[in-house]
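Welcome! Open the structure in your viewer, and let us walk through it one selection at a time.

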Amino acid sequence: MKIKFIPIDYDYFDYNGRTYAKIIGKTNKNKKACIIDDCDTYFWAILKPKTSDKQIKKIQEKIEQVSIKSTNRESKVIKTELHNKNFLGEQVKAIKVFVTNHKDIHEISHKIPMKYIDKRREKDIPFITRYVIEKNLKPLHWYEIDGEFLNNSPEFNGIDASLNVDICIKAEEIKQIKDQEFFPKILAYDIETAEVEIGRSEILMVSLVGENFKKVLTCKEPSKQPYVEHFKSEADMLLAFVKYVKQYDPDILTGYFSDGFDLPYLRARAKKNKIKLNLGIDNSQPVFSRGRMLSAKIKGIVHVDLYRFIRTVYAQYLKSETLSLDEVAGELLGEKKTDFNATEAVRANKIDWQEFYKYNLQDSVLTYKLTEKLWPDLLEVTKIVQEPLFNTSRAGLSSLVENYILHNLNRFNEIAEKKPIHEEISERRSRESVEGAYVLEPTPGLYDNLAVFDFTSMHTSIIVTFNLSKATLLSKKQKNCFESPELEFENKKTRFYFSKKPGFFPTLLKEIFEKRKQFKQEFKKDPNPITKARSNVFKLLSASVHGYQGFFGARYYSLEASATVLAFVRKFNKEIIDKTNKQGYKAIYADTDSVVFALNKHTEKQALELLKKINNQLPGIMELDLEGFFKRGLWVTKRTGDFGAKKKYAMINKNNEIKIRGFETVRRDWCYLARETQNKILQLILKDGNEKKALEYLKQAIKKLKNREIPLKQLIIKTQLKKPIDDYKAETPHITIARKMRSLGLPINIGMIIRYYIAESTKTKKKALVRERAKLPNEPGQYDIEYYLKNQILPSVENIMEVFNLDVNELVEGKQQKKLFDF
DNA sequence: GGTCCTGCGTTACC
DNA sequence: ACCGGTAACGCAGGACC
């Protein structure tokens, strides 16, 4: 029988000593289906060069006799094949060793005689990755599957009967068909607890939200709300949670930080109550992978922790200062969490349960809507990288890049390099880091008529143009090769050389680069969430490849290639600075891949001609672009010393759009008043170049502060807790506050934003440390006017006004006068 | 008791 | 530990006078 099928979740199992793939997905009739399929599993034994055919025959015969016996199965080599392959730029002869059971590949590979073998590779390809490559059944693409319908069949120990699916098929033929629209069945969930430590106290309630489905399950107060269901015990509530998930039968179960909180908490409480959290379609319980970050897997349902996906893949498109559900939902959906302070209510033991239920439900509503909204992005990244959604939704950038590579190696007839293991990783990590990009020190001042040039995908275009990769690195200079600029590497001045024969890595990157261009065009022609997501995925892959090459965990790690990329980055950036200066422009500032310069007496048209001229001289696919013309731009000195501050500037274009970088305005660890005051002052200066008005504004702000007319809300300082509180060596204000919160029994988590304000000293002696004056936002006290003047407002505007020879310190009484003030 | 320097810590830019 | 180098700058604490 034939079905049309979209694979969603991948798993595998052993049967009769062989490894089989078990793929859960949907049919075009919206039925849940399971495909069972076998798959060759193998590794490569790369032969030493010049091994004779006779010797090869002999070694093949020997390998074919290898077998191992473990407690419950016997594994052996099924057959071997000789192939001509590529490996890291070399043509090699390699024996493909087919093995009965994937799990035993490693052990079997260690039993083969090594006399003529140079290297063993692809032992570390996970079974699912192998399966997708071999059978070409890629996640979230559509297929026509022909096979044997399993209905209470004894085959595979009656697997079809043990699974909660509508159809179970043993695949015989798989044919890719045209993609059709697919929208998964999503169920979002969220729990509320009294304690944040996993499993510490009981779960108060669980909310579930799907399409036309809203539930809050609780074992606390009953409610008249139709969506609230009351249970007499936590155990009953948890069982109902499982029951409803199974009844709803989602493709995706999604939470926000649910890998780190909700699911581990549910597991802990289920254990405590001695009940089973059998959410899997085979009634199995969630499996938690070890590692720094837990990953919670449910069989047959893709558990998506949306927070993790947003953090790695989506955060770059967000303006949000934190990735809290509230802020992200606010930005993407225009909808916020319910205004209800759960922590405070629980702590004070004054809980308005009806409000609490509403709040709990809303969290799931937001998570549901966000998952729905980001589905095109989840879909495209999964389709393109070709790993299951469970992995891609949790993957870091390096893993996305690496999996994209692995799934495309066949086209290059290339054997995959191995993953580094412990010693190699620690060796790589211990290495001296390579010099980074160049930043030009600006001359502080206000400038008119600016142009900004920047390189399009600079690192990527350099890798492609100069063929930079692990496999194309030459051990010594050859004629007709690419030569790096001189650079410092391991404390020595040196150069690296790269082959001109295109390597698979730069070639693959060139494809990514071109696809990025192509899909950007596609999006422009047909703007919709899917074309946008597709374009963004290639943009992300393209931008991440350079970082990947320098990442110690990468299969294709090459610090030499990475150092060379950066040497070229510095060289080309400096060249553009020189060229613009030589043509009578004035380079004001430059950072990595961009140069800002004053047009001086030149016209914009002339600047564009210069751009064209530079582009004609640039090698390969390197390209310089016009970022824009700006009518004004401001650079300031560093707070310490008379140097121009890097990574801090503000510019305005002809549409009066302002671009602010690095200034306190864009830093979340400054209070709102300082940020807003600085922002206003930058606007006044840039819009009409009027520093007098700016000064007037500043005076008003200072006056309000001095009169205590500024609400405390605008004076809250926010700092993130980046590690466990007891790991800190320095006692800074935010650590003091975090400790205070802990002693009050308030939840303290890594990653949380600590909020506080600076109050007047209660000590009679002056000069108390800042941390001694720091108070929680709801702690009674008077804010310290002097602190906010001297440590927040003035520092944020001082260097800006200094450009106009104005000394703002003189606006504050009692402060020593440094300069004469003339306005 | 002030000034200078340094290390820690956070956040931003690209 | 899951891209990483360059950079600004506040706070705290010790050296020094």
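Begin with DNA strand B, and keep in mind throughout that this is a predicted model. Select His-734: one of its polar side-chain atoms sits 3.1 Å from a phosphate oxygen of DNA strand B. Next, pick Tyr-649, where a polar side-chain atom is 2.8 Å from a phosphate oxygen of this strand. For Ala-730, show the backbone instead, since a backbone N or O atom there lies 3.4 Å from a phosphate oxygen of DNA strand B. Now colour β29 (644–652) and β31 (717–720), the elements that give two or more residues to the surface near DNA strand B.

Widen the selection to the 19 residues around DNA strand B; those that come nearest are Asp-593, Tyr-649, Gly-662, Tyr-728 and Lys-729. Which parts of the strand face them? Sugar and phosphate make up 93% of the atoms of DNA strand B that come within 4 Å of the protein. Colour this surface by residue class and you will find four nonpolar, five polar and 10 charged residues.

Your next stop is DNA strand C, which 26 residues surround. Arg-429, Arg-639, Lys-646, Lys-648 and Tyr-787 are the closest. Here, 95% of the strand's atoms within 4 Å of the protein belong to sugar or phosphate, and the rest belong to bases.

Zoom in on three contacts:

- Tyr-787: a polar side-chain atom lies 2.7 Å from a phosphate oxygen of DNA strand C.
- Arg-771: a backbone N or O atom is 3.0 Å from a phosphate oxygen of DNA strand C.
- Gly-436: a polar backbone atom is 2.9 Å from a sugar or linking oxygen of DNA strand C.

Then highlight α12 (397–406), β29, α22 (770–773) and α23 (785–802), the elements that give two or more residues to the surface near DNA strand C. Which of them gives the largest share? That is β29, with three residues. By class, the surface near DNA strand C has 11 nonpolar, five polar and 10 charged residues.

For the last stop, leave the DNA and select helix α14 (residues 458–466) together with helix α15 (residues 504–525). How do they pack? Their axes are 9 Å apart, at an angle of about 135°, which makes α14 oblique to α15. The crossing of α14 and α15 is left-handed.

Show side chains to see who meets whom: α14 brings Thr-460, Ile-463 and Val-464, while α15 brings Pro-506, Leu-509, Lys-510 and Phe-513. This contact of α14 with α15 has five nonpolar, one polar and one charged residues.

Key
Residues numbered from 1 in each chain as written. Chains lettered and ligands numbered in written order. Predicted model: local features only at pLDDT ≥ 70, side-chain atom pairs only at ≥ 80, totals over all residues. Heavy atoms only, no water. Near = heavy atom within 4 Å. Polar contact = N/O pair within 3.5 Å; in protein donor to acceptor, adjacent residues only side chain to side chain. Helix = DSSP H or I, 4+ residues; strand = E, 2+ residues; numbered from the N terminus. Nonpolar A, V, L, I, M, F, W, Y, C, P; charged D, E, K, R; others polar. Axes fitted to C-alpha atoms, helices over the stretch in contact; angles between N-to-C directions. Parallel < 35°, antiparallel > 145°, perpendicular 65-115°, else oblique. Left-handed = near helix turned anticlockwise from the far one by under 90°. Contact = heavy atoms within 4.5 Å.
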